[in-house]
Amino acid sequence: MGNQGSSDLESDEGAAIMSKSTIAKLRVMTKFTHDHRLRVDERTELYSALAELRESRRRLSEDLAAEKAERTASRSMRGLGRIDVCSEKPSWEAYVNDKFCALCEKPARRSEGFPCRVCPRLFHRLCLSKCGACRDADLQAAHESALTNAGWSCYNCANLSLLLTEEELSVLIDEFEVFDTNKDEHISWKEFLAHVDESKIMRRDDHKRTLSEERDMRLDFKMADQDNDDTLDWWEFLNHQAKIILATRPKEELVKLLTEKEIIKCRTLFKTMDTDNDEILTVLEARQAVRKWCQRFEHGLDADKVSEMANHIDIHAEIRAQMLVDVDNCQKESISWSDFLAAQALYIICTRPNIRASTIEAVIQGARMDE
């Protein structure tokens, strides 16, 4: 009996020990399972976030395509689809806008709202603030420049993606994901530069980037940075890359993208320089026009300062005149109106996105520091 009692006690103790060991193992297994589930859940959430990002990009692409179609239809209704590039309309026609707000369709005077410098549309200040379609940077640019000589582009005209095809837009959506390596929906300068370097490696381009080339790239990046936060969001990246795509198109095709306002302004500039009205701009005429424009800044300066500036003005006038006339670097001494418009079309379109004065000041200050 005694031995049996002792054996039963040992058995109970062994069972207790086994029970503790089993419980410990179960706890470890439970913790492992819990951690594993956490990792699975995190991975699932990541995949879900990526799927939502792709879906949002897809919807964005559809929205942009719909907006492009709407704008094309609007231009056709306004008679902007077919423009006479030889129009003799006076220069003030380039500043005539609709009499009704494009959003609320109620009467609006130019002094009461924000007129677009590219299309005829006019916006009540309050309507533009509440519509939700205008980005903050464009809205701030409207308050700063809409009623100045610089002018302001509405949120449609400032969006160069409306000039791209669906295929081109799709490529840019994919490119943005590649550039944005940390997936924060912004492209930093380091990310931008790293992608450029990676592309050079893939092309097996052994050319080493010079300091001058990197400085030019940096200035280009900062000019694209509309809100001056040293990163490119989706819209800033889109406009930056759209310019590169548009630069590959034939000049004649770019002319067809110009609005009537843009053509009238360009025509006015040409006629101002074409002093003999023969529809041909010579290097001499362009040089005289540039020199005359520069001399406007001499007022109020003393004679020594004017004399010091004279040589710089002559050099600047010579360079600018040659750029205006000999756009293809073929040693040309003159250019016709139609060729002049074709040569300027890309530059005109690329200036549509609004650039705030603070951004330009930051770019100039950065360039001075680099020097």
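1. Contact, as the word is used in this note, means heavy atoms within 4.5 Å. By that criterion, and leaving out residues up to four places away in sequence, I349 touches L160, L163, L246, L254, L257 and L258. The model is a predicted one, and the points below should be read with that in mind.

2. On the overall make-up of the chain, the secondary structure comes to 13 helices and six strands, and buried residues account for 34% of the 371 residues. Where contacts with a separation of 6 or more are considered, 67% of those in the chain are between residues 24 or more positions apart.

3. The largest nonpolar core has 47 residues, and within this core L281, F340 and I349 are the residues that touch the most other members. Helix α12 gives the most to this core, with a contribution of seven residues. Another core, which lies apart from the largest one, consists of 15 residues, including L128, A146, W152 and C157.

4. The packing of α12 against α9 deserves a point of its own. Two packed helices are described by the angle between their axes together with the distance between those axes. Here the axes of helix α9, residues 260-273, and helix α12, residues 337-350, come within 11 Å and cross at roughly 125°, which means that α9 is oblique to α12. The crossing in which α9 passes α12 is right-handed.

5. Which residues of α9 and α12 make the contact? From α9 the contact is made by E262, I263, C266, R267, L269, F270 and M273, and from α12 by W337, F340, L341, Q344 and I348. Sorted by character, the residues of this contact between α9 and α12 divide into nine nonpolar, one polar and two charged. F340, which takes part in the contact with α9, is also one of the residues that touch the most other members of the largest nonpolar core.

6. Q344 may be worth inspecting individually in the structure. Is Q344, a residue of helix α12, buried or exposed? Its relative accessibility is 16%, and because buried means under 20%, Q344 counts as buried. Leaving aside neighbours within four places in sequence, Q344 is in contact with C266 and L324, and C266 is among the α9 residues that make the contact with α12. The C-alpha atoms of Q344 and V255 are separated by 8.7 Å, although these two residues are 89 residues apart along the chain.

Key:
Residues numbered from 1 in each chain as written. Predicted model: local features only at pLDDT ≥ 70, side-chain atom pairs only at ≥ 80, totals over all residues. Heavy atoms only, no water. Axes fitted to C-alpha atoms, helices over the stretch in contact; angles between N-to-C directions. Helix = DSSP H or I, 4+ residues; strand = E, 2+ residues; numbered from the N terminus. Parallel < 35°, antiparallel > 145°, perpendicular 65-115°, else oblique. Left-handed = near helix turned anticlockwise from the far one by under 90°. Nonpolar A, V, L, I, M, F, W, Y, C, P; charged D, E, K, R; others polar. Core = buried A, V, L, I, M, F, W, Y, C linked by side-chain atoms within 4.5 Å. Buried < 20%, exposed > 50% of the residue type's maximum accessible area, 1.4 Å probe, protein only.
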